[in-house]
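This report describes a single protein chain, with attention to its pocket, its annotated positions, its cysteines and its backbone.

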Amino acid sequence: MRLALFQPDIPQNVGACIRQSACFGVELHVIEPTGFRFDDRAMKRAALDYGPLSHMTRHADWDAFQRDRGPGRLVLFTTHGATPLPDFEFRPDDILLFGKESAGAPDHVHAAADARVFIPIRAETRSLNLSVSAGIALWEGLRQLGDLPRR
């Protein structure tokens with residue numbers, strides 16, 4: 001299972017996903033351009049000292065990501081998803097893709113997705129934070145597959 005962020009805007013979210021990548025032992029793919037410089041102090045602060053434990057790959061753009069991502073379903077998490085997270089069945093080579101905080105994923109990314117999933121939240125709310133959503137989805141996928149780390 002892999003985690004991918006499409007053109008993230010907020011460095012703290014990438015930092016938190018670096019930490020998740022390290023803690024759960026999964027690859028993190030960041031699809032550029034991002035809304036910040038990668039030497040941003042806020043991202044480094046959020047990642048703490050987990051950077052060396054993370055497996056992060058930066059892709060220059062969507063086309064580079066598509067070319068280099070390898071096999072596996074592209075599972076887009078979106079508020080416009082078709083399948084609620086509790087009903088989705090994960091596979092070991094799934095790539096969990098999250099859109100940009102300010103705009104979500106554009107139409108061409110939706111079109112490329114093999115599945116579109118949403119995390120059910122209360123109707124009067126709009127969305128969860130990107131890194132929170134990524135953590136929920138990643139944990140559930142690893143749980144379903146019996147791949148959660150053991151202490």
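## Contacts around histidine 59

Two residues are taken to be in contact when heavy atoms of theirs lie within 4.5 Å of each other. The model discussed here is predicted. Histidine 59 belongs to strand β3, which covers residues 55–59. With neighbours within four places in sequence left aside, histidine 59 is in contact with His29, Val30, Ile31 and Glu32, and also with Ala64, Phe65 and Asp68. Histidine 59 has a relative accessible area of 4% and is therefore buried, the cut-off for that class being under 20%.

## The largest pocket

The volume of the largest pocket is about 670 Å³. Its lining comprises 25 residues, and those nearest the centre are Phe77, Thr78, Thr79, Ser127 and Leu128. Two elements, β7 (115–118) and α5 (130–145), each give two or more residues to this lining.

By residue class, the lining of the largest pocket consists of twelve nonpolar, ten polar and three charged residues.

## Annotated binding-site positions

An unreviewed UniProt entry assigns the feature "binding site" to Gly99, Ile119 and Ser127. These positions are spread over 29 residues of sequence, yet they cluster in space, with a largest C-alpha distance of 13.7 Å. Gly99, Ile119 and Ser127 are also part of the lining of the largest pocket. Ser127 is, in addition, among the lining residues that lie nearest the pocket centre.

Glycine 99 sits in the loop that runs between β6 (95–98) and α4 (107–112). Its relative accessible area is 12%, so glycine 99 is buried. Beyond residues up to four places away in sequence, glycine 99 touches Phe6, Phe77, Gly104, Ala105 and Leu130. Isoleucine 119 is located in the loop between β7 and α5. Because its relative accessible area is 19%, isoleucine 119 counts as buried, given a limit of under 20%. With the same exclusion of residues up to four places away, isoleucine 119 touches Phe77, Leu85, Leu128, Ser133 and Ile136. Phe77 thus appears in the contact list of glycine 99 and in that of isoleucine 119, and Phe77 is also one of the residues nearest the pocket centre.

## Cysteines

Which distance separates the sulfur of cysteine 17 from the closest cysteine sulfur? The closest one belongs to cysteine 23 and is 12 Å away, which is too far for a bond. A disulfide requires sulfur atoms within 2.5 Å, and the number of disulfides by this rule is zero. Taken from the other side, cysteine 23 has cysteine 17 as the residue with the closest cysteine sulfur, again at 12 Å and too far for a bond.

The two residues can also be described by their accessibility. Cysteine 17 is buried, at 0% relative accessibility, whereas cysteine 23 is partly exposed, at 40%.

## Backbone features

The peptide bond that leads from glutamate 32 to proline 33 is cis, and its omega is near 5°. Proline 33 lies in the loop between β2 (27–31) and α2 (41–47). Glu32, at the start of this peptide bond, is one of the contacts of histidine 59.

A further backbone feature concerns glutamine 7, a residue other than glycine with a positive phi, near 45°. Glutamine 7 is placed in the loop between β1 (2–6) and α1 (11–24). At a relative accessible area of 17%, glutamine 7 is buried.

How values were computed:
Residues are numbered from 1 along each chain as its sequence is written. This is a predicted model: local features need pLDDT of at least 70, side-chain atom pairs count only at pLDDT 80 or more; totals for chains, interfaces and linings use all residues. Side-chain values use heavy atoms; hydrogens and water are left out. On a 1 Å grid over the protein atoms alone, a cavity is a set of points where a 1.4 Å probe fits but cannot get out, and a pocket is an open set with protein on both sides within 12 Å along at least five of seven lines; lining residues have an atom within 4 Å of a point. Grid points are joined across faces, edges and corners, and a volume is the space filled by probe spheres set on the points. Helices (H or I, at least four residues) and strands (E, at least two) are DSSP runs, numbered from the N terminus. Ala, Val, Leu, Ile, Met, Phe, Trp, Tyr, Cys and Pro count as nonpolar, Asp, Glu, Lys and Arg as charged, and the others, Gly among them, as polar. UniProt positions are given in the numbering used here, feature names are shortened, and annotations may be inferred rather than shown by experiment. Buried means under 20% relative accessible area, exposed over 50%, partly exposed in between (1.4 Å probe, protein chains only).
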